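Here is a set of short exercises to try with a structure viewer open. Work through each task on your own, then compare with the solution below it.

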Amino acid sequence: MNVELNEKIPVVDSYDVIVAGVASALAIAREGKKVMLIEKNITLGGLATIGLINFFVPMCNGRGTQIIKGMADEFLHLSTKHSWDNMPKEWQKGNPEKSDKTRLVAEYSPSILALEFTKILDDAGVKIMFDTVVTKPVMDGKHCKGLVVENKSGRQFYECKMVVDTTGDCDILRRGGVPTLLRKNYHFYRAYEANLKSCQKAIDSKDISKIYDNPKKKYNINLYGHGQPEEIPLYDGTDANDVNRYIISNQKEVLDGISNDDRFAREIITLPSMVQFRTTRCIDGNHVFTEKDAYKHFDDSISAICDFDRRDYLYEVPYGTLVKDGFDNLITAGRSACASGYGWDVLRVIPPAIVTGQASGLACCQAIDDNLGIDKIDVKKLQDKLISQNVMIHFDDELIPKDIENSGQKFDVGHE
Ligand SMILES: Cc1cc2nc3c(=O)[nH]c(=O)nc-3n(C[C@H](O)[C@H](O)[C@H](O)COP(=O)(O)OP(=O)(O)OC[C@H]3O[C@@H](n4cnc5c(N)ncnc54)[C@H](O)[C@@H]3O)c2cc1C
């Protein structure tokens, strides 16, 4: 049975671009375009903040050369500006010597980074709409006329020229008819606990980051699914019942884990406010990024990236991972860029997600200025813009190890 709703929705305003992600919104505002960022939570940053995934994976090749730059580098430093961090000392003052094997990473306070995001976007002139959910793109064939959103004021329509779907799950694009790909998720849930022991460690070391501990859990499942119990089916992140099964079972598991502890000796300081699924749905774009793309150059690359789990491995991200031919004003970025298998894991993590966000925002501005579809822009011109913003478009072949097969660290693709 279906219910048909026939209603008139007020048109509230018109924007050049509407987005759901920080990097693209900032890139667009800096180009002087009218941009609105819609966020269903009341805190910016998604998994990187309220999802408690507060760790920039390696942004270098593991031999002292930084690969992922541009806005990812800017946000890395923003994350450590007013927060504690553990960025290796060698990297704090620029590139370490080539011989150095310390990778460029940093853990940071998720809450402080979220506050930084609000400030930097508001200062740049982005209209931020918190506590607002995008429910539906209004389509004219394959062209999106704007978005229906819901918030305290009710159901409203915002007109726009371009949409960047950075919902992580490609929800907007899919509802607009763009083809998508799916992948399921393991049982993983991170919350933060503070206890007397961790507080003592923080006091002794004069390092507040030491207060963070993880509550005991029955299951410990790693990135590759090791430890996933047979009795727990994988989660479909695009199914509401599965999302709820994940939340309820994990919250009960955390409570079970702490229930026998001295209740005056520990506190759960943060529960995630987002479901911690790595890969749910991505665009079935013009290029499917896979592990086999390692060491390949692409004419339409929008950034070189590295592999967080293996030294030396280098890739380029084709613009085709963000768009689908025929859809002239819909683009994605972040963990819903088009990828499969281990390639999806390489592409979805925070630093690549930021640079694809930056590229998608700039692509929207270029498409508007040149009066071209987002699927038809001159990518060479976009690359020039990205280079001017310190993005490495193509990796240097000198960085490819002579003996590729034996140079990278072994990794375990478990589920692939
Ligand atoms: C368990 C786990 C561990 C990870 N570990 C690491 C790690 O150690 N290091 C690392 O670099 N990466 C890690 N990642 C990956 C990384 O966190 C994300 O892939 C990355 O942050 C990119 O996310 P995103 O911005 O594309 O999407 P998201 O972070 O999911 O952001 C989507 C945003 O859109 C908003 N939104 C969604 N739908 C709507 C809607 N309809 N209306 C309005 N707003 C909406 C959300 O609230 C959110 O703010 C991990 C991920 C997981 C799940």
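The exercises below go from the whole chain down to single residues, and the model they use is predicted.

**Exercise 1. Work out how the overall dimensions of the protein chain compare with the globule rule.**

Solution. Start with the extent: along the principal axes, the C-alpha atoms fill a box of roughly 60 × 55 × 45 Å. Next, take the chain length of 416 residues, for which a compact globule would have a radius of gyration near 22 Å. The protein chain has 21 Å, which agrees. Then look at the interior: 43% of the 416 residues count as buried. Finally, consider the contacts between residues at least 6 apart in sequence; 73% of them join residues at least 24 apart. For secondary structure, the tally is eleven helices and 15 strands.

**Exercise 2. Find which stretches make up each domain, and how many residues of each are in contact with the other.**

Solution. Domain 1 takes in 10–183 + 279–408, while domain 2 covers 192–270. Measuring over C-alpha atoms is the natural next step, and the two centres turn out to be 28 Å apart. At the boundary, seven residues of domain 1 are in contact with seven residues of domain 2. On the domain 1 side, these residues divide into three nonpolar, two polar and two charged.

**Exercise 3. Describe the surroundings of the ligand: how many residues are there, and of which classes?**

Solution. Count the shell to begin with: 30 residues surround the ligand. The closest are Gly46, Thr167, Gly168, Gly334 and Ile350. Now map the shell onto secondary structure; the elements giving two or more residues are β3 (55–56), β6 (133–140) and α9 (350–370). Sorting by class gives 15 nonpolar, nine polar and six charged residues.

**Exercise 4. Locate the largest nonpolar core and say which element gives the most to it.**

Solution. A general expectation helps here: in soluble globular proteins, nonpolar side chains tend to be buried together. In this chain, the largest nonpolar core has 99 residues. Those with the most contacts inside it are Val17, Ile18, Ala25, Val35, Ile67 and Cys364. Helix α9 gives the most to this core, with ten residues. Apart from this core lies another, of five residues, among them Phe188, Tyr189, Ala191 and Val254. To finish, zoom in on cysteine 364: leaving aside neighbours within four places in sequence, its contacts are Val17, Ile28, Met162, Val164, Ile331 and Ile374.

**Exercise 5. Decide how helix α6 sits: buried or in the open?**

Solution. Helix α6 spans residues 196–205, and of its ten residues the number buried is zero, so it lies largely in the open. Take lysine 201, which lies in this helix, as a sample residue. Lysine 201 has 16 other C-beta atoms within 10 Å, so it is partly exposed. Its C-alpha atom is separated by 10.0 Å from that of tyrosine 212, eleven residues apart along the chain. After the helix comes lysine 206, whose phi is positive, near 55°.

**Exercise 6. For leucine 52 and aspartate 312, find the value of phi and the loop that holds each residue.**

Solution. Recall the background first: most residues other than glycine have a negative phi. Leucine 52 has a positive phi near 60° and is found in the loop between β2 (35–38) and β3. With 22 other C-beta atoms within 10 Å, leucine 52 is buried. Aspartate 312 also has a positive phi, about 75°, and lies in the loop between β13 (301–306) and β14 (314–318). Aspartate 312 has 18 C-beta neighbours inside 10 Å and therefore counts as partly exposed.

**Exercise 7. Asparagine 61 and valine 105 both lie in loops; settle the burial of each and list its contacts.**

Solution. Asparagine 61 lies between β3 and α2 (70–79). Its 25 C-beta neighbours inside 10 Å make asparagine 61 count as buried. Beyond four places in sequence, asparagine 61 is in contact with Ile67, Cys306, Arg311, Asp312, Leu314 and Leu399. Valine 105 lies between α3 (89–92) and β4 (106–107). With 19 C-beta neighbours inside 10 Å, valine 105 counts as partly exposed. Its contacts, with the same sequence neighbours left aside, are Phe55, Phe56, Val57, Pro58 and Met87.

How values were computed: Residues numbered from 1 in each chain as written. Predicted model: local features only at pLDDT ≥ 70, side-chain atom pairs only at ≥ 80, totals over all residues. Near = placed C-beta within 6 Å. Helix = DSSP H or I, 4+ residues; strand = E, 2+ residues; numbered from the N terminus. Nonpolar A, V, L, I, M, F, W, Y, C, P; charged D, E, K, R; others polar. Domains from an automatic or database assignment. Contact = placed C-beta atoms within 7 Å. Rg over C-alpha atoms; globule rule 2.2 N^0.38 Å. Buried ≥ 20, exposed ≤ 12 C-beta atoms within 10 Å, placed from the backbone. Core = buried A, V, L, I, M, F, W, Y, C linked by C-beta atoms within 7 Å.
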